[in-house]
Amino acid sequence: MAADGEKQQGHRPGIYKQKNKGHKHGKHRTKGEIERENKGRVSVTVLTKKQRKEQKKMDRRHKANQLRKNKKDMVLTEKRRLGSRDGPPHLVVVVSLHAQADAGAITKLLRGEGAGGIVHHNRCISGVSDSFGLILPRFKQRFTFLTDMHSLLDVTKIADSLVFVLDSTEGWDTYGDYCLSCVFAQGLPSYALVCQGVSELPVKKRVESRRALSKITEARFPDARLFPLDSEQDATLLLRHLGTQRQRKLGFRSKRSHLIAQHVTFTPNNPVDSTSGATGLGTLCVSGYVRGRPLRVDRLVHISGHGDFQLSQIDAPVDPLPLNLTVSRPLKPSKGGDVDMQVVVAENEAPVRVLMKADPSNRESLQAEAEVDPMDGEQTWPTESELLEAEEARKKKRVMKVPKGTSDYQATWIVDEGEEENGDMDEESSDNDDDDDDMMDEAMDKEDGEIDSQDPGSCCDSEEEEEEEVCSTERAGADQRYDEHMDEAAEEEGLKRYRDARANEMFPDEVDTPLDTPARIRFQRYRGLKSFRSSPWDPMENLPLDYSRIFQFQSFERTRRRILAEAAAEEDGAMDGWYVTLHIIDVPFSVMESVQSGKPLVLVSLLPHEQKMSVMHVLVQRHPSNTEPIKSKEELVFHCGFRRFRASPIFSQHTSADKHKMERFLRPDAPIVVSLYAPITFPPSGVLLFKQRNDGIQDLVATGSLLSCDPQRVVLKRIVLSGHPFKINRRSAVVRYMFFNRDDIMWFKPVELRTKWGRRGHIKEALGTHGHMKCVFDNQLRSQDTVLMNLYKRVYPRWTYDPYVPAPLTWVKREGTVEMEDLDME
């Protein structure tokens with residue numbers, strides 16, 4: 001027995017003692033309990049990660065308030081800077097949307113003395129007589145008003161605000177709706193709606209007139225305020241609204257520096273030669289206010305409608321529209337009760353300062369196309385070992401007859417029958433340059449639906465024309481006068497285009513097999529696909545020669561984000577709001593002639609790589625006003641951002657797959673991707689498509705936005721060969737009218753067949769020598785079914801890029817008659 005002073009030891013279980021699981025009481029441990037049990041121990045995976053700092057509720061609320069306040073201050077700073085001493089003048093463009101709306105009366109009221117402004121007629125847009133500068137000491141703001149309509153789209157791209165002049169009863173006419181469609185598609189800046197003549201109406205009809213006009217404008221301008229402009233007091237309210245309204249940002253111009261010319265001079269490169277100034281190159285000095293991002297001297301500048309050029313230096317002349325004014329008031333008021341205000345402009349006659357000069361080593365190049373080396377694909381003289389290896393490979397290699405331009409993995413679809421010679425096909429398979437010739441493409445496209453498939457009535461076209469000529473001679477009176485103004489060639493072309501579009505809609509991509517040409521020769525550039533979605537198609541095979549002239553990004557989206565981020569962080573160069581003079585070198589004299597004719601000159605600084613050619617893709621939607629069929633590879637006029645040019649694009653479906661089906665015509669019911677050769681432009685940017693008629697009028701065809709720059713986008717053209725079941729025996733059937741000889745059947749034997757009612761099958765054997773073939777399907781055919789075979793080939797746009805677009809003519813409706821005016825919608 002232990003002594004009393006000793007303390008009894010408690011029992012401690014050993015290492016082999018059983019430990020039972022705790023009772024599941026249905027509760028979960030909290031984060032605090034887990035931390036207490038871990039006693040500060042953290043797993044290795046958590047230690048390697050960045051610890052996230054937990055903020056309290058009040059701290060999160062303060063942070064959100066601070067971010068909101070910073071954004072609000074930034075917006076207010078930008079709005080107050082526009083038109084102030086530190087920013088460029090507020091550029092306002094007055095656009096008349098109706099023949100009865102007088103834009104001149106609007107500008108006359110804005111120039112009036114009641115508005116309290118100082119008008120500068122000699123310091124406005126160069127070459128434009130209707131423009132004027134306006135300084136408002138009362139609001140501490142300055143404006144530049146432009147009412148010239150010769151280059152509406154060019155001016156609205158850089159305008160800070162638009163003033164739409166409406167009719168007091170109708171709002172806008174047909175031409176006004178056309179202008180609104182174009183402006184909305186390329187990007188609408190801040191605007192104001194103005195109407196005149198409301199005060200002249202009786203008092204009882206004023207409210208009804210404004211209510212009816214507001215109902216008209218709700219469709220395009222929801223929640224827009226309508227300003228009556230019949231007095232100088234109304235003009236003051238409009239100026240106050242223009243200076244204080246919220247500015248709407250346009251993505252394509254906010255990321256690039258741009259300006260509109262205030263003063264332009266031209267100096268020829270060879271002043272000794274008297275004729276060089278009219279036809280040769282020279283230096284164009286353009287003065288204006290920098291807008292958007294800072295303007296760097298080593299970047300290229302694009303003059304809308306004339307091309308890309310380089311800068312030599314940037315000067316800083318005296319601001320022609322300053323706000324540092326001294327005001328003196330007389331002691332006695334005038335007879336009208338208003339106090340006369342004498343304003344003295346304090347102009348500084350300081351000499352012109354040179355801000356920066358271009359470094360030829362750092363200046364961007366004007367190179368638009370990649371240099372093509374015709375000897376790049378040549379090989380040096382082979383060694384003896386290479387010759388021996390080639391000889392052994394030639395003996396072991398199985399020779400097959402393949403179509404021209406067929407690669408190795410394409411040949412696996414073709415069955416080698418060994419019935420024809422191989423010598424001639426070796427030359428055809430090695431000659432890939434002829435496949436991509438433009439003349440060859442055009443001939444093949446015509447054969448797809450025009451040469452091979454002719455309507456029964458098309459054989460009698462000449463007879464019908466003779467009958468029409470005979471009938472036209474018998475007509476008299478109004479009918480004969482009507483026929484004299486009709487363009488027969490245009491009518492015939494429109495009828496042919498309409499028939500092709502209707503046939504393509506009724507029978508999509510169906511092509512008749514020619515009788516006089518073997519199908520294996522006619523369709524040798526096509527191939528069959530087991531599955532359009534999952535079958536492979538190498539995007540780098542059999543590329544045309546034009547692809548050696550373009551540039552390609554490894555990742556266009558990554559490059560776009562990097563360049564736009566660098567442009568947003570730039571702080572070097574001429575800052576926003578500075579009045580500068582740009583010295584543009586090697587400019588043709590035609591640019592100066594355009595300025596002298598009264599057209600405004602718009603310049604934009606290009607981002608890196610934006611002068612280089614590539615394959616651009618545009619997502620467009622057809623405009624409801626256009627109903628004429630627009631065929632693929634037809635020349636169209638593009639307005640892409642600040643650029644405008646002509647090109648021949650191809651249309652394709654907008655899908656997320658790696659292969660895209662080509663559309664022969666521009667569809668009105670679905671968005672279409674337009675692919676073309678054009679200079680690289682980084683999105684976002686609005687795009688407008690116009691079609692120019694023979695008489696010079698340009699019709700708006702489609703509107704959309706830039707999608708991407710991807711030369712590897714595979715666009716496949718599909719043709720469908722059709723046949724008719726002749727004899728049906730359960731799952732097998734005899735099909736005719738798809739081919740007309742035995743060799744064609746054996747050539748296309750590996751390609752899968754389908755029917756319009758959903759049956760699938762394949763060719764089993766040929767019967768006879770006249771094109772009958774035995775086919776096997778997954779189920780029994782119906783006698784009224786049609787057997788189809790899908791064939792595909794890759795297509796590319798045509799290289800018809802032309803940066804010089806002629807000035808279009810536009811139809812304008814005036815007082816019940818239709819006139820044609822030279823309104824340059826460039």
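Pro 684 lies in the loop between strand 23 (672-679) and strand 24 (686-692), where helices (H or I, at least four residues) and strands (E, at least two) are DSSP runs numbered from the N terminus. A cis peptide bond joins Pro 683 and Pro 684, with omega of about 5°. Most peptide bonds are trans, and most residues other than glycine have a negative phi. The model is predicted, so local features need pLDDT of at least 70 and side-chain atom pairs count only at pLDDT 80 or more, while totals for chains, interfaces and linings use all residues. Residues are numbered from 1 along each chain as its sequence is written, and side-chain values use heavy atoms, with hydrogens and water left out.

Two residues other than glycine have a positive phi here. Asn 542, with phi near 50°, is found in the loop between helix 17 (519-522) and helix 18 (556-569). Its relative accessible area of 32% makes Asn 542 partly exposed; buried means under 20%, exposed over 50%, and partly exposed in between (1.4 Å probe, protein chains only). Tyr 737 has a phi of about 70° and sits in the loop between strand 27 (732-736) and helix 20 (742-747). Tyr 737 is also partly exposed, at 48%.

Strand 24 leads on to the salt bridges, since Lys 691 lies in that strand. A salt bridge is a side-chain nitrogen of Lys or Arg within 4 Å of a carboxyl oxygen of Asp or Glu, and the structure holds 32 of them. Lys 691 meets Glu 634 in one, at 3.1 Å from N to O. Glu 634 is in the loop between strand 18 (613-622) and strand 19 (636-640), so the pair ties together parts that are 57 residues apart in sequence. Lys 691 counts as buried at 14% relative accessibility, and Glu 634 counts as buried at 15%.

Another salt bridge joins Arg 256 and Glu 610, whose closest N and O atoms are 2.7 Å apart. Arg 256 lies in the loop between helix 9 (251-254) and strand 8 (258-260), and Glu 610 in the loop between strand 17 (602-605) and strand 18, so this pair ties together parts 354 residues apart in sequence. Arg 256 is buried at 6% relative accessibility, and Glu 610 is buried at 2%. Gln 611 is placed in the loop between strand 17 and strand 18 and counts as buried at 7%. The side chain of Gln 611 reaches the backbone oxygen of Ser 365 at 3.1 Å.

Arg 256 and Glu 610 also help to line the second largest cavity, along with residues including Phe 252, His 302, Cys 640 and Ser 685. A cavity is a set of points, on a 1 Å grid over the protein atoms alone, where a 1.4 Å probe fits but cannot get out; a pocket is an open set with protein on both sides within 12 Å along at least five of seven lines, and lining residues have an atom within 4 Å of a point. The structure holds 9 cavities of 30 Å³ or more, and about 100 Å³ of space lies in the second largest. Grid points are joined across faces, edges and corners, and a volume is the space filled by probe spheres set on the points. The lining of this cavity divides into 5 nonpolar, 4 polar and 3 charged residues. Here Ala, Val, Leu, Ile, Met, Phe, Trp, Tyr, Cys and Pro count as nonpolar, Asp, Glu, Lys and Arg as charged, and the others, Gly among them, as polar.

The second largest pocket has a volume of about 1000 Å³. Of the 30 residues that line this pocket, Glu 78, Lys 249, Ser 254, Gly 292 and Asp 576 lie nearest its centre. Helix 3 (57-81), helix 9 and helix 18 each supply at least two lining residues, and helix 3 gives the most, with 5. By class, the pocket lining has 12 nonpolar, 4 polar and 14 charged residues.

Strand 10 (residues 281-289) has 8 of its 9 residues buried, so the strand is largely enclosed by the rest of the structure. Strand 10 pairs in the antiparallel sense with strand 9 (residues 263-268) over 6 bridges and with strand 16 (residues 579-588) over 8 bridges; two strands pair if DSSP finds at least two bridges between them. Thr 267 stands opposite Thr 283 in strand 10, and Ser 287 stands opposite Thr 581 in strand 16.

Notes. A polar contact is a pair of N or O atoms within 3.5 Å; within protein, one must be able to donate a hydrogen and the other to accept it, and residues adjacent in sequence count only if both atoms are side-chain atoms.
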